[in-house]
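Thanks for coming, everyone. I'll keep this short: a walk through one model, from the inside out. Please pull it up on your screens.

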Amino acid sequence: MRVVASPVVCCSVLLSGALSVLSCAEEKEHPAPAIHDRDSVSVMVSYGVNTLVSDSGVIKYRIVTERWDVNQIRVPSRWTFIKGLFMEQFDERFHVQAYIQADTAWYYDKLKLWELRGRVRVRNVNGLRFSSEELFWDGVMHEMYSNKFSRVVTPERTLEGTYFRSDEYMTHYTVSNSRGSFVRSDIDGGGQQPAQPDTVSQGDTAQFPPPMRPAAVPRASSSRQR
């Protein structure tokens with residue numbers, strides 16, 4: 001018996017085969033690109049942080065922040081406080097020596113260098129209040145400095161200037177290109193030679209400031225991508 005295929009069936013089979021081949025030819029995969037740059041990967045991200053931080057077995061700081069990123073891969077490695085930072089500094093007897101707050105902060109742990117940006121505010125145990133848009137705290141040289149306009153207010157005087165430098169407790173500090181107000185005793189002082197208005201000591205008679213750490217100098221004026 002001879003079987004004759006219907007032209008309709010033949011066309012259907014051919015159309016189905018053509019669509020199958022076309023479908024296979026147009027099918028494409030869309031894989032995500034491989035991640036080779038691990039520069040942005042944090043080893044720890046913490047939220048709602050209120051913790052104590054020790055150095056060499058001694059509690060030195062209390063850190064309060066909304067977000068804390070720790071990145072050991074970036075060069076230099078760093079802690080990032082992109083949501084702001086509030087920090088208390090303690091002495092050896094766990095007495096509060098100062099508090100520091102800023103809109104954004106970075107701590108370069110290998111360099112022991114803090115970089116504070118935004119609304120930076122500091123108050124020390126003597127009642128000194130510091131405000132600026134920038135502050136660097138060098139834990140190796142034990143000093144603080146800023147290349148931005150800074151304001152220093154104490155119970156006795158107010159100083160403003162475009163460069164600030166001090167020891168890390170702000171007991172002895174220098175304000176360059178300064179202007180400000182002083183009590184009368186700072187000017188006449190019983191006939192003695194008046195002190196320089198841009199350098200003030202609060203009981204610290206040690207020679208200051210020491211030479212600035214070379215590794216920290218470019219960080220004060222250069223901008224980095226983050």
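Leaving aside neighbours within four places in sequence, which residues is Trp-114 in contact with? There are aromatic ones: Phe-81, Trp-106, Tyr-107, Phe-136 and Trp-137. And there are aliphatic ones: Ile-63, Leu-85, Met-87 and Leu-135. One caution before I go on: this is a predicted model.

Now the core. The largest nonpolar core holds 29 residues. Trp-114 is among the four that touch the most other members, along with Leu-116, Phe-130 and Leu-135. There is also a second, separate core of 5 residues. Trp-106, Tyr-108, Leu-113 and Tyr-145 are included in that one. As background, nonpolar side chains in soluble globular proteins tend to be buried together.

On to the aromatics. How many aromatic pairs does a search of the whole structure find? The count is 11. Take Tyr-61 and Trp-137. Their ring centres are 5.7 Å apart and their planes stand at 90 degrees, so this pair is edge-to-face. Tyr-61 sits in strand β2, residues 58-71, and Trp-137 in strand β8, residues 129-138, so the pair ties together parts 76 residues apart in sequence. Are these two buried or exposed? Tyr-61 has a relative accessible area of 18%, so it counts as buried, the cut-off being under 20%. Trp-137 is buried as well, at 3%. Then there is a cluster. Trp-68, Trp-79, Phe-81, Tyr-107 and Trp-114 form one aromatic cluster. Trp-114 again, so keep it highlighted.

Next, backbone geometry. In general, most residues other than glycine have a negative phi, and most peptide bonds are trans. Here are some departures. A cis peptide bond joins Val-75 and Pro-76, with omega at about -5 degrees. Pro-76 is in the loop between β2 and β3. Lys-112 has a positive phi, near 55 degrees. Its place is the loop between β6 and β7. Lys-112 is partly exposed, with 39% relative accessibility. Met-170 also has a positive phi, near 55 degrees. That residue is in the loop between β12 and β13. Met-170 is buried, at a relative accessible area of 1%.

Now empty space. The structure holds 1 cavity of 30 Å³ or more. Its volume is about 30 Å³. What lines it? Met-170 does, together with Gln-89, Ala-98, Ile-100, Val-122, Asn-124, Met-144, Glu-168 and Tyr-169. β5 and β7 are the elements that give two or more residues to that lining. By type, the lining divides into 6 nonpolar, 2 polar and 1 charged.

Last, the open space. The largest pocket has a volume of about 370 Å³. It is lined by 18 residues. Which of them are closest to its centre? Asp-55, Lys-60, Tyr-61, Tyr-107 and Lys-112. We have met some of these already. Tyr-61 is half of the edge-to-face pair. Tyr-107 belongs to the aromatic cluster. Lys-112 is one with the positive phi. β1, β2 and β4 each give two or more residues to the pocket lining. β1 gives the most, with 3 residues. The make-up is 8 nonpolar, 4 polar and 6 charged.

That's the tour. Questions, please.

Key. Residues numbered from 1 in each chain as written. Predicted model: local features only at pLDDT ≥ 70, side-chain atom pairs only at ≥ 80, totals over all residues. Heavy atoms only, no water. 1 Å grid on protein atoms, 1.4 Å probe; cavity = no way out; pocket = protein on both sides within 12 Å on 5 of 7 lines; lining within 4 Å. Points joined across faces, edges and corners; volume = space filled by probe spheres on them. Helix = DSSP H or I, 4+ residues; strand = E, 2+ residues; numbered from the N terminus. Nonpolar A, V, L, I, M, F, W, Y, C, P; charged D, E, K, R; others polar. Core = buried A, V, L, I, M, F, W, Y, C linked by side-chain atoms within 4.5 Å. Buried < 20%, exposed > 50% of the residue type's maximum accessible area, 1.4 Å probe, protein only. Contact = heavy atoms within 4.5 Å. Phe/Tyr/Trp six-rings, centres within 6.5 Å; stacked < 30°, edge-to-face > 60°.
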